[in-house]
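Q: Could we go through this model together, taking one kind of feature at a time? I would like the general idea and then the case at hand.

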Amino acid sequence: MNKILIIQIILIYLKNVYSQSSTSRPLECLSKYGNPLEGKCMLVDNCTGAALDGNCGSGLICCIPDKAPLNIAENGFITKALFFKIVGKTLRTEALYGYFVQSLQEADADSKIYKAAAFLSQLIGESNFFKNLESRVIDSDFNINLGNNATGDGTFYQGRGAILLRGKSNYFLANATNLRVDIVKNPEKVAFPSIAFRIAAWFWRQNAFVITTNAPAKKNDLGMLADGTYHNFTLLTYSLTNNLQKLKDRTELYESIIKNAGYGSIKRGFGVVCEIGSNTGYSVPICLVGENKPYCGCEGEYEMRSCPYGYISDNRCRGSSILKCCVEKCTSSFDMVVLMDSSGSIGSPNFKKEKEFVLALLDKIKIGENDTRVSIINYNANIYNVVTFNSTQTKEYITNSVNNIPYNGGGTYTFDALKRANDVILQEKNGMRSTKTGIPKVVIVITDGASQNRNRTLFEAQQIKERGFNVLSVGVGNIDRIELIGIASTPADQYFVDDFDKIKLILSGLTRTTCQQPATVELENDITSKIEKNAYKYFKYSIDQALNNTNASLDSFSIELSIFDGDANLFYSFEEENPKSDEEFLTIDDVEPDTNFIEKKKKIKRMVIKETDENVRKTKLYQIDRPLTGKNDLLYFSVKGYQDSNEFKVFVHSKFTGHMYVTIDGPLMTEVN
């Protein structure tokens, strides 16, 4: 072998050794902001200490070692498995879980699911999934509100921590707590996990301005707003940021954490009393575009320019801009069955509160032979028909009947109560109106514990749901959550409170959910109905029923809306139970600063066909394509009225791929904006 070749082999070997050495040993670095600290360049997911900006290459941070990760017991709500499912499992998140649990305890947010979920969602939102405990959010050097008053203060006291600590004043306040490190002189220490999470707990408990009334906000515990409602979560988020995109992102996290923990979905909630003209309403959160969820929106009239919580000094609303004054009313008629639990675990005092709750619910509904019909079943180990649809349908009669229900105690035979509702009460021969009338059927199950047989209970609930009827569940106290969620038609149709003293807190939400339940549109059946101005009627169409066990596929629909009086439009979704006009939603600019928001309205294109019947003023045909993927077994649609009085008829035309089921004839369609 010649000398040149030997030299080349040696050079290649040395190059490989150097390459392997350089890749296995991270480069040393210095942090950029605050007092410079020595660290190692690496990916943030591999850093178990302070991940700071430094003199590293693109995509790398300067990682400064912190104390050894805390070895602490798992939280009962935010377990390690749930934590990693939400934030991802990396070397960094594995090291941070202990600090998070310690912070959760210090914030007094560890004993209630809604508090724990709110705390985690806000910390994730503030720190970008714990990757940016040093945020590089740099404020002005001279900002009176933040206490910055000297050149360099904005950079030196930039946003750091699991809840961003911003400005000299906040650094001084946090420094007064027992941190055992001077963060005024060493502000970069706030980005160390051992400090960042402790400051987050202090900020949560003591340093945030909390809005609960339309009086000036005071510093208080943010946890008081963590009650599982979107309304109060909006106020909670506003204490940390008024950016609507961040609110939307954190709300999605909040609901995801609650759902994955097995506690259903968040509810809308409401706030302070307000007025529109002579009508009294409440503060409610309006949906953002792309957020057509049961937990937001107003079923009635709301004032776009209203500020239910008053104004701050510069004439801006106090509280989030999505909170509006809403005057709501239930305009829907439905056949409603209420199943009241009088089992032994409830006790006589709580059964009295249950009756008061049912009476308050009935008081919010227009009861009558041609309005909402009500049936009441009382159940324990025995089943009692208190009121049926054939009974006198007046509020006075039903109220007296509920008041006279005795408390007997006994077992919790929820399955027998559901079977009685399905086999006896929900029958046309016993006063239930035909499904062809477009009247929704709603069953409300109230229970304080687990039934004697979960499988039988879920089976009987499913039998009702398979008829296209809607089931809502209300759980109180130590209940079987799997059973409670399984009873309900959707997670949004499930309600839970700790005890009967709090049951009236869900009254407004339950009433609204009841009034929003969709009616089933049967195959080859049109439905004629009336609707008031700015109100909606909701419908659902079963694709499985349309296919009726055939081998065909159903890929497109046309819904015919015939208008006899007034004016109306139709809106549809394969995802949301209550689709609405985009005019109901607020639009935001994804890159807006924390101090601004933009409200816009979108135009919606409609497909319209000329009138074809002398009794029909206008007929509109809506062409709908079924999505190729996703949840699409049901087609949901709604009709909104635009005049004082609106009468309409709806009919769903279906086309099978390969097998034509209905052929649509008529004039050519024109597109109208």
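**Salt bridges, disulfides and strands**

A: Let us begin with a charged pair: glutamate 328 and arginine 268 form a salt bridge in which the closest N and O atoms are 2.8 Å apart. Glutamate 328 belongs to strand E12, whereas arginine 268 sits in the loop between H9 and E9, so the pair ties together parts that are 60 residues apart in sequence. Please keep in mind throughout that this is a predicted model.

Q: What is the general idea behind such a pair, and how many salt bridges does the count come to?

A: Side chains of opposite charge can pair when their charged atoms come close. In this model the count comes to 25 salt bridges.

Q: Are the two partners, glutamate 328 and arginine 268, buried or partly exposed?

A: The reading rests on relative accessible area, where under 20% means buried and over 50% means exposed, with partly exposed in between. Glutamate 328 is partly exposed because its relative accessible area is 28%, while arginine 268, at 5%, counts as buried.

Q: Which residue forms a salt bridge with lysine 580, and where do the two partners lie?

A: The partner of lysine 580 is glutamate 299, and their closest N and O atoms are 2.5 Å apart. Lysine 580 is in the loop between strand E23 (568-573) and strand E24 (606-609), and glutamate 299 is in the loop between E10 and E11, so this salt bridge ties together parts that are 281 residues apart in sequence. Both lysine 580 and glutamate 299 are buried.

Q: What can be said of the salt bridge that aspartate 480 forms with arginine 454?

A: The closest N and O atoms of aspartate 480 and arginine 454 are 2.9 Å apart. Aspartate 480 lies in the loop between strand E17 (470-476) and helix H14 (481-487), and arginine 454 lies in helix H13 (residues 454-465), so the parts tied together are 26 residues apart in sequence. With a relative accessible area of 15%, aspartate 480 is buried, whereas arginine 454, with 34%, is partly exposed. Elsewhere, Lys112, Asp498 and Lys502 are joined into one network by salt bridges that share partners.

Q: How should I read the disulfides, and how many are there?

A: A disulfide is a covalent bond between the sulfur atoms of two cysteines. The count here comes to 7 disulfides. One of them joins cysteine 274 to cysteine 325, with an S to S distance of 2.1 Å. The torsion about that S-S bond is about 100°, so the disulfide is right-handed. Cysteine 274 in strand E9 and cysteine 325 in strand E12 are 51 residues apart, so that distant parts of the chain are linked, and both cysteines are buried.

Q: Which handedness does the link of cysteine 307 and cysteine 317 have?

A: That link is left-handed, with -50° about the S-S bond, and the S to S distance is 1.6 Å. Cysteine 307 and cysteine 317 both lie in the loop between E11 and E12, 10 residues apart in sequence. Cysteine 307 counts as buried at 15% relative accessibility, while cysteine 317 is partly exposed, with 21%.

Q: Strand E12 has now come up several times; which strands pair with E12, and how many of its residues are buried?

A: Strand E10 (residues 279-285) pairs with E12 in the antiparallel sense over 4 bridges, and serine 283 stands opposite cysteine 325 in E12. Strand E11 (residues 300-303) also runs antiparallel to E12, joined by 4 bridges, and there glutamate 301 has valine 327 as its bridge partner. Strand E12 (residues 323-328) is mostly covered, with 5 of its 6 residues buried.

Q: Turning to the sheet with the order E1-E2-E4-E3, which strands stand at its edges?

A: This is an open sheet of 4 strands with antiparallel pairing. Strand E1 (28-30) and strand E3 (50-52) stand at the edges, each with a single partner strand, so one side of each is left without a neighbour in the sheet. On average, and with direction ignored, neighbouring strands of this sheet are turned by 45° against each other. E1 and strand E2 (residues 38-42) pair over 3 bridges, with glutamate 28 opposite lysine 40 in E2.

Technical notes
Residues are numbered from 1 along each chain as its sequence is written. This is a predicted model: local features need pLDDT of at least 70, side-chain atom pairs count only at pLDDT 80 or more; totals for chains, interfaces and linings use all residues. Side-chain values use heavy atoms; hydrogens and water are left out. Two strands pair if DSSP finds at least two bridges between them. Helices (H or I, at least four residues) and strands (E, at least two) are DSSP runs, numbered from the N terminus. Axes are lines fitted to C-alpha atoms, for helices over the stretch in contact, and angles run from 0 to 180 degrees between N-to-C directions. Buried means under 20% relative accessible area, exposed over 50%, partly exposed in between (1.4 Å probe, protein chains only). A salt bridge is a side-chain nitrogen of Lys or Arg within 4 Å of a carboxyl oxygen of Asp or Glu. A disulfide is a pair of cysteine sulfur atoms within 2.5 Å.
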